[in-house]
Amino acid sequence: MERYKSSIPTCLYKLGFIAVILCVPYIIRNLYYLHLINLIGIYCLVVIGLNILTGYTGQISMGQAGFFAVGAYTSALLMMKLGLSFWVATLIAAVVAAVLGIIIAIPALRLTGPYLVMATVGFGEIIRLILVNWVPVTRGAAGLTAIPAPSLFGFRIISEKSFFYLIYIVVALGILIAVRISNSKIGRTFIAIREDELAAKSMGVPTNTYKVSAFAISAIYAGIAGSMFGCFSGVASPDAFTFNDSVGFLCMSIIGGSRSIYGAFIGSVTLTFVSELLRFMQLYRLIIYGAILLLTAILMPQGLSGMGPVFRKFSHRWKGKRRLHGNIQHSQRKER
Amino acid sequence: MKGWDILYYLVNGLPIGAIYALVALGYSLIYASAGVLNWSQGDMVMLGAFIGYNLHCLLGLNFILALLITTPAVACIGMLVERIVLRSLRKRSSPPVNVVIGTLGVAIICRNLALAIWGPDAQLFRSPVGSVPVEIGTLRLFPQDIFILILGIALMILLQYFLKYTREGKALRAVAQDRMAASLMGIDVGKSDTLAFAASAAMGAVAGILIAPLFFVTFNMGAGIGLKGFVAAVVGGLGNIPGAIGGGFFLGLIESFASGKISSGYRDAIAFTVLILILWLKPAGLFSKITKETV
């Protein structure tokens, strides 16, 4: 929608935004914060995929860490054992993750709601247990260490700063592609499946094909993110890809607003920073964290990115524009 | 496979299956009444184990007395979860995934409160019925296992009685069948939700006290058991009470056979693979009729 209206000022805003983003590593000197920002970028990629699957297509996945793990291990093993470059390894990792996404989509096609949740939880656990037990290849619980750093034209991407550019270029591409998908016919079909699968089917939509492709797309995002995560942290061990991590991705998706691509970014920023900011509380940190999850789930059914209309409603109320307020309430009701 | 082997796996799988069945019943009961997933179910098990540990091992209370105090206490917590969390979510007609996140929040709060109160160490809960095994041939039966089976099955029968013959139980079944129609008939659907949460939490608490002597009592024991109970409930068909019991025992037996016959490391992976395959063949659970949605 924005695209057609874009004029010089919005262009300037966008350019300014990009400029600010590019300056981030120079503004934030603290390496620990930069590390967190990089992690946020990686999580954001996973959550974008999850939003396409869960928010747009309505297929709840609680096994996203499985695809993430597959991406990390595949690319790390290809780089370590076969000496492939990071880029080729990432490409293959994405393909492997997509294939797995299609495989898990086959039983998932017939499942809805809690049954689908169970199947995806099971998938995530199966992947983790294979990583733990297939010791000759994955080195078991100890995990892979000394995963080589990616290099581009002889320039080794190893510092936090260089990783920042690598990760955020991929994130920007990821957001761009996801927005294009969500605004296209494919995106509208996903939403149709979420809203009423039966109606979509009776309109002649090949729902199965689209559901499988939603799984594949989300797996590709998670796979690429995993591949970068492996190189970024230098290690990949099974306890980085547990059920709790899948749940964490889902929380980021819901809190940011699973029905928006930008919500993925908002969610991963919010949860990562909240969890870091609460560190001073030590023992009580996770209690507060749980309370925040609970309160956002209750108070913001559409997540943070869905708060726009609510804020607008309040600001209009303050300005006394009650007519608009009624409209917004009406449209919100339709959303449900 | 020799006959003794099969018996051995049965003996190993049944008690843990009974525990899974109790937790699965909790998920199923709540799903039947309120139509939501309650992810704090596993932590009710943990709370049951900890409160029981506190009363029985620290205060030296009689085991039965401890059980009788713990169960209603945890049931109250379950009721609170329904009153505070589910009702507020319902009021805003949130999508089901928000209920998942909300109850996950409750689970995280419970887990870390337990960590704050009881500390990170695993606590030893001595079995109230002793630990001298009874030997029959090459088979060794532990008294705690038998105790779990007896108490678990007794509780399941009690639940069936409650659902079939009491007024509240009948109301709950009516709500499970058709929430709208039940509310039109004057049944208080909110009360039935509260009841389902309380009963689920109570069963979780009993499961927690029963399993405490088998494993240590830790603040994060709820995560694993909760997940297994959920899986058992789903495989049996969510909302299906006999299905949940069947699913629990089925999962316990699969795990026992998988760890004995194939590999203990892959035990859970095998169990999950089997369960996903079952869901592929029977998308609404092992014990449910397939109902295809039509217009």
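This passage looks at the contact between chains A and B, then at one helix of chain A and one residue of chain B, all in a predicted model.

Starting with the two chains, 35 residues of chain A are in contact with 40 residues of chain B. On the chain A side, three helices each put in at least two residues: H6 (113-133), H12 (243-256) and H14 (285-299). Of the elements on that side, H6(A) gives the most, with 13 residues. The make-up of the chain A side touching chain B leans nonpolar, with 28 nonpolar residues set against 4 polar and 3 charged.

Elsewhere in chain A, helix H9 spans residues 185-195, and its buried residues are Thr189(A), Phe190(A), Ala192(A) and Ile193(A). Looking down the axis of H9(A), these buried residues fall within an arc of 160°, so they line one face of the helix. As for what they pack against, the partners of the buried residues of H9(A) are three helices of chain A: H3 (31-56), H10 (197-202) and H11 (207-233).

Over in chain B, Ala107(B) sits in helix H4, which covers residues 96-118. Ala107(B) counts as buried because it has 26 C-beta neighbours inside 10 Å, where 20 or more is the cut-off. Leaving out residues up to four places away in sequence, Ala107(B) touches Trp39(B), Ser40(B), Gly42(B), Asp43(B) and Gly222(B). Leu141(B), by contrast, is 34 residues from Ala107(B) in sequence and 34 Å from it in space, taken C-alpha to C-alpha.

Methods. Residues numbered from 1 in each chain as written. Chains lettered and ligands numbered in written order. Predicted model: local features only at pLDDT ≥ 70, side-chain atom pairs only at ≥ 80, totals over all residues. Buried ≥ 20, exposed ≤ 12 C-beta atoms within 10 Å, placed from the backbone. Helix = DSSP H or I, 4+ residues; strand = E, 2+ residues; numbered from the N terminus. Arc of directions from axis to C-beta. Contact = placed C-beta atoms within 7 Å. Nonpolar A, V, L, I, M, F, W, Y, C, P; charged D, E, K, R; others polar.
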